[in-house]
Amino acid sequence: MDAPRKPRILVAEDTPEHVHILIDTLRHEYAVMVAISGERALEIAFGQSPPELILLDVMMPGMNGYEVCRRLKQNAATCDIPVIFMSALSEEQDERQGLEAGGLDYISKPFRPVLVKARIHNQLELKRHRDHLEDMVRDRTRELILTQDAVIYGLGILAEYRDIETGMHIRRTQSYVNVLAKQLRDRPRFAGLFDDETLHLLMQSAPLHDIGKVGIPDHILRKPSSLTTEEFDQIKLHTMYGRAVVERIESSMLENVSSSFLRFAKEVTYTHHESWDGTGYHGLKGEQIPVSGRLMALADVYDALKSKRVYKEAFEHEQVVKIMTEGDGRTRPEQFDPDILQAFLDVHETFRAIAHNLQD
Ligand SMILES: [Fe+2]
């Protein structure tokens with residue numbers, strides 16, 4: 001079996017005598033690399049086989065140790081390499097300057113080899129623990145996000161099962177919203193609204209838009225003929241029920257955690273049937289409607305037109321585009337935010353592909 005690889009230590013030191021002592025002290029346990037100038041130390045650190053730790057002399061010809069350390073800390077590839085300063089300067093302020101530059105430890109010259117060894121060992125152990133902790137946090141966070149996404153998605157499907165017996169509507173509308181937001185993110189009017197994190201939260205909340213339908217009786221949800229005014233009033237309530245569910249989640253949360261996810265979830269449940277011209281369920285108009293609701297409104301209308309429903313047959317994609325841009329008496333272009341409608345026209349082929357790939 002191969003012997004385990006020795007950790008690489010870079011000794012950045014220009015005094016030959018010190019270099020020899022350090023090599024002698026360290027070579028049994030570590031693979032020692034030597035740089036006799038600050039510039040050379042940086043070259044090695046940024047190279048193919050960077051060191052696991054750097055012993056860095058403060059006084060070197062050319063670039064001094066503090067400057068080398070600062071440059072290492074500024075670069076993502078090298079900022080985590082532990083640096084131990086070595087210096088004949090032993091004033092307190094020298095030590096402070098070293099620590100401020102990003103060094104983790106400071107050894108005064110002349111040094112005792114056994115002490116150097118112990119300090120190196122300590123720093124490598126600490127680094128190992130840090131890395132392990134970071135890995136653990138990353139894994140757990142990822143797990144948590146995946147679980148959270150799955151649960152949210154599941155809740156959305158639950159509501160959907162009551163209605164059209166498929167989770168595909170949820171996946172499609174989520175994809176449509178995603179495509180629209182990405183198309184709009186570079187427009188000045190929407191600048192800064194859809195950075196990657198916001199987009200993720202929006203995607204997470206989208207499946208919940210109809211969750212309030214769990215509160216609507218089956219005979220209304222599944223009624224094949226047209227609804228009476230009273231029945232339609234009941235259907236409208238799903239936006240209020242949905243928001244109420246999210247508000248209850250919010251109030252049950254410990255402490256005052258402000259969650260952007262819950263904010264989006266509230267917006268999208270309550271406003272996804274609003275119209276830009278104020279003719280929607282709650283009469284919100286224009287910019288009064290949060291952008292999450294405006295995006296979902298268009299996605300939802302496209303999906304309703306493109307899909308078979310208990311009360312209607314599915315339309316072809318071309319016909320849906322025509323209805324949304326010209327109107328058919330029921331759907332009108334004025335009900336959409338004009339920029340979002342334009343974004344839809346720019347990417348309508350992607351909508352067609354999503355509808356095809358995620359059929360019921
Ligand atoms: Fe809805």
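This report describes the fold of one protein chain, from its overall form to its sheet, one helix and one glycine. The structure is a predicted model.

## Overall form

The secondary structure of the chain consists of 14 helices and five strands. Along its principal axes, the C-alpha trace spans about 95 × 45 × 40 Å. The radius of gyration is 31 Å, whereas a compact globule of 360 residues would have a value near 21 Å. Of the 360 residues in the chain, 32% are buried. Among contacts with a separation of 6 or more, 63% join residues that are 24 or more positions apart.

## The parallel sheet

The five strands form an open sheet in the order E2-E1-E3-E4-E5, and their pairing is parallel. At the edges stand strand E2 (31-35) and strand E5, each of which pairs on one side only. Neighbouring strands of this sheet are turned by 20° against each other on average, direction ignored. In general terms, the strands of a sheet pair through backbone hydrogen bonds, and the pairing is either parallel or antiparallel.

The table lists three of the strand pairs, with one pair of opposing residues for each.

| Strand pair | Bridges | Opposing residues |
|---|---|---|
| E1 (residues 8-12) and E3 | four, parallel | alanine 12 and leucine 56 |
| E3 (residues 53-57) and E4 | four, parallel | isoleucine 54 and valine 83 |
| E4 and E5 (residues 105-108) | four, parallel | isoleucine 84 and aspartate 105 |

How is strand E4 (residues 83-87) placed, mostly covered or not? Strand E4 is mostly covered, for five of its five residues are buried. Both of its faces are covered: Val83, Phe85 and Ser87 are buried on one side, and Ile84 and Met86 are buried on the other. The chain reaches E4 from E3 by way of helix H3 (residues 65-74), and this β-α-β crossover is right-handed. Helix H3 lies across E1, E3 and E4, and it runs at about 150° to E3.

## Helix H9

Helix H9 covers residues 229-252. What span should its 24 residues have at 1.5 Å a residue? The expected span is 34 Å, and the end C-alpha atoms of H9 are 35 Å apart, which agrees.

Within H9, the residues His238, Thr239, Gly242, Val245 and Val246 are buried. The spacing of such positions may be read with a general rule in mind. An α-helix has 3.6 residues a turn, so residues three or four places apart point the same way. Helix H10 (260-271) is included in what covers the buried residues of H9.

## Glycine 215

Glycine 215 is found in the loop between helix H7 (196-205) and helix H8 (218-221). Is this glycine buried, exposed or partly exposed? Glycine 215 counts as partly exposed because it has 16 C-beta neighbours inside 10 Å, while a buried residue needs 20 or more and an exposed one has 12 or fewer.

Which residues does glycine 215 touch, leaving aside those up to four places away in sequence? They are Leu237, His238 and Tyr241. One of these, His238, is a buried residue of H9. Glycine 242 is another buried residue of H9. The C-alpha atoms of glycine 215 and glycine 242 are separated by 8.8 Å, although these two residues are 27 residues apart along the chain.

Note on methods
Residues numbered from 1 in each chain as written. Predicted model: local features only at pLDDT ≥ 70, side-chain atom pairs only at ≥ 80, totals over all residues. Helix = DSSP H or I, 4+ residues; strand = E, 2+ residues; numbered from the N terminus. Rg over C-alpha atoms; globule rule 2.2 N^0.38 Å. Contact = placed C-beta atoms within 7 Å. Expected span 1.5 Å × (residues − 1). Pairing = 2+ DSSP bridges. Right-handed = clockwise from strand over helix to strand, strands pointing away. Axes fitted to C-alpha atoms, helices over the stretch in contact; angles between N-to-C directions.
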